[in-house]
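This report describes selected features of a protein structure, moving from strand pairing to metal coordination and charged contacts.

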Amino acid sequence: MKLHYRLTPIDLAAHYFDIELTIAKPDPAGQVLWLPVWIPGSYLVREFARNIVAISAEAGGKVLPVTKLDKHRWQLAPTRKAATVRYRVYAFDLSVRGAYLDQQRGFFNGTSVFLAVAGQEDQPVGVELVAPAGKAYRDWEVATTLPRAEAKAWGFGGYRAANYDELIDHPVELGAFTRTSFKACGVPHDVVLAGRQRADLKRLKRDLKQICEYQIRLFGEPAPFERYLFLTAVVGDGYGGLEHRASTALIASRDDLPLEHETGLKPGYRQYLGLCSHEYFHGWNVKRLKPAAYAPYDLTQENYTRLLWAFEGITSYYDDLTLVRAGLISPQEYLDLLAQTMSQVQRGAGRLKQNLEEASLDAWVKYYRQDENSPNAIVSYYTKGALAALCLDLTIRQRSEGAKSLDDVMRTLWQRYGHDFYPRGAGVPEAEWERVASEVAGFDLAAFFDHALRSTDDLPLAELLSAFGVESQLRPIANGGDKGGWKEITAPGNALGARVAAEAGGVKLTQVLDGGAAQAAGFAAGDVLIALDGLRLSSGNLDAALAGWPVGSTVPVHAFRRDELFSRNLTIQPAVADTWGLRLTATPSPQAKNLQQHWLAR
Ligand code: ZN
């Protein structure tokens, strides 16, 4: 092996990994080493190199000087001998995107710990994972889909990768974790839970198997991986996931996992299964079927594509759709989730300013860098992208009278661009996605895509859904916790036009929405409202305090901006209709019933 990495958890209390990289044939002019500035799947420049706290090198038993070239590159002094580079990485990022190490567990993505050897990125590499020293760690195991070399299953020792791209696409969990396994369409799947938990593993396996088998069959057997690993870090309160070619790294809240005495699908567990479903679907859509802009990734800077709506939005559409098609939730439960997504999009004025292509292209500086004005300025390519996918699916089904669907589009794209991706795939050119969709649908979808992707006009959701036997309502929000779903509202309340958080002695405005009463009165994000008409406000009594006033009346409101007290007159506004409810039509036409069954049935 010309390149070899040896990784040792060296000081768990201080969160350090030591890495020794051996380069058999360094560039004689001075070998350049670099670390990615971002991790695929999370479109933000994160500068992982900032966590390298020490680096040195030697060749032929002598010190080899190392020069830092810029934020993420180093250069070794010229040598004709094999070089060994030693460096230390600080690992205390409890997310799925970085690296973490303490006395309980270790976790890393290769993008945080493995320096790339410039010019040798296509070379196969060897990796030795060294167990931490000490009795306290003798139960530690290794969970990763990195191919094993000498290492035994779940063991420390030798692993390998065909090239750098593969090396950084298999996250690694270290620790005394819980593990279980199942087969889906004959493919071994492992489930690893790290952290304190007492989940019902049998239930988890049974439900995940349904999801996996549905998706494997959707794209067609065989599955594109030889094995798959669901890695979950269980914490008190957390949520997140990142997709990889044969695994996913997830963070979940302990209470969201199913317990043995529990029956039914509690909302937290439904959300966890939705997350697993989402990341698993990425095993096809984005890990193999991917935009040409990511083939290959340029890990030294932002990679721009207008197609994130297709790779994240369509994945978001299929994540919950898989749950209903696999029989894990009912059609009405699915419609409730859909109504929540529709409400999320409807509630942000940003949907009228940014279209889906712009949202994709600007992910690096807008979606991944949200601030107090984001609801007014941007639209999510996840949520609106999922609704565009829904509209595309329903449009194709309706116009082809049930003969074709988005499933067919995805299968065709998969066969042409995803199927054989590793090692020689090229990715989908920007304009090709839409062309293939029209070809598969059998009619021209150009007008659909112009509307859905390149305009900010609202999507024709209600009209399309009604043809599938689904009634919709657009109604005012019922209370602060109302995320959407069918509800008869007899007496709509008044609305502040802001998102709020509880704050000692008042109500903090976290986001002030365009066109709302708070913005019109001159309040800003960060202001703490303390009294309305001279009476104390709290997050618990805000709705009631507003409800007592006729629309159009003016009420004095006292507030703090930073440490300065001020007051403004608030003109009372009614809550606008920004919340969707969906339900199955009681007596759908035979045509609608037929379309609906093909759309939602298993
Ligand atoms: Zn995703």
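## A four-stranded sheet

In this predicted model, F108 has V172 in β15 as its bridge partner. The two strands concerned, β10 (residues 105-108) and β15 (residues 172-175), pair in the antiparallel sense over four bridges.

They belong to an open sheet of four strands, ordered β9-β10-β15-β13 and paired in antiparallel fashion. At its edges lie β9 (99-101) and β13 (141-143), each of which pairs on one side only. Disregarding direction, neighbouring strands in this sheet are turned against each other by 15 degrees on average.

## The zinc site

Which protein atoms serve as donors to the zinc ion? They are NE2 of H278, NE2 of H282 and OE of E312, at 2.0 to 2.1 Å from the ion, and along the chain the donors follow the spacing H-x3-H-x29-E.

Within this site, H278 in helix α4 (residues 267-281) and E312 in helix α5 (residues 308-325) form a pair that links distant parts of the chain, 34 residues apart. Both H278 and E312 are buried.

## A buried salt bridge between α4 and α5

The structure holds 35 salt bridges. One of them joins D320 to R270, with the closest N and O atoms 3.3 Å apart; D320 lies in helix α5 and R270 in helix α4, so that this pair, too, links distant parts of the chain, here 50 residues apart. Both D320 and R270 are buried.

## Salt bridges involving loops

The side chains of D514 and K353 meet in a salt bridge with an N to O distance of 2.7 Å. Because D514 sits in the loop between β24 (506-512) and α15 (517-521), while K353 sits in the loop between α6 (331-346) and α7 (356-361), the pair ties together parts that are 161 residues apart in sequence. D514 is partly exposed, with a relative accessible area of 32%, and K353 is likewise partly exposed, at 46%.

A further salt bridge is formed by R561 and D527, whose closest N and O atoms are 2.8 Å apart. R561 belongs to strand β27 (residues 554-561) and D527 to the loop between α15 and β25 (528-532), and the pair therefore ties together parts that are 34 residues apart in sequence. R561 is partly exposed, with a relative accessible area of 27%, whereas D527, at 1% relative accessibility, counts as buried.

## A salt-bridge network

Salt bridges also link D165, D169, R245 and K287 in a network.

How values were computed:
Residues are numbered from 1 along each chain as its sequence is written. This is a predicted model: local features need pLDDT of at least 70, side-chain atom pairs count only at pLDDT 80 or more; totals for chains, interfaces and linings use all residues. Side-chain values use heavy atoms; hydrogens and water are left out. Donors are N, O and S atoms within 2.8 Å of the metal (3.2 Å for Na, K and Ca); water is not among the atoms, so sites may look incomplete. Buried means under 20% relative accessible area, exposed over 50%, partly exposed in between (1.4 Å probe, protein chains only). Two strands pair if DSSP finds at least two bridges between them. Axes are lines fitted to C-alpha atoms, for helices over the stretch in contact, and angles run from 0 to 180 degrees between N-to-C directions. A salt bridge is a side-chain nitrogen of Lys or Arg within 4 Å of a carboxyl oxygen of Asp or Glu.
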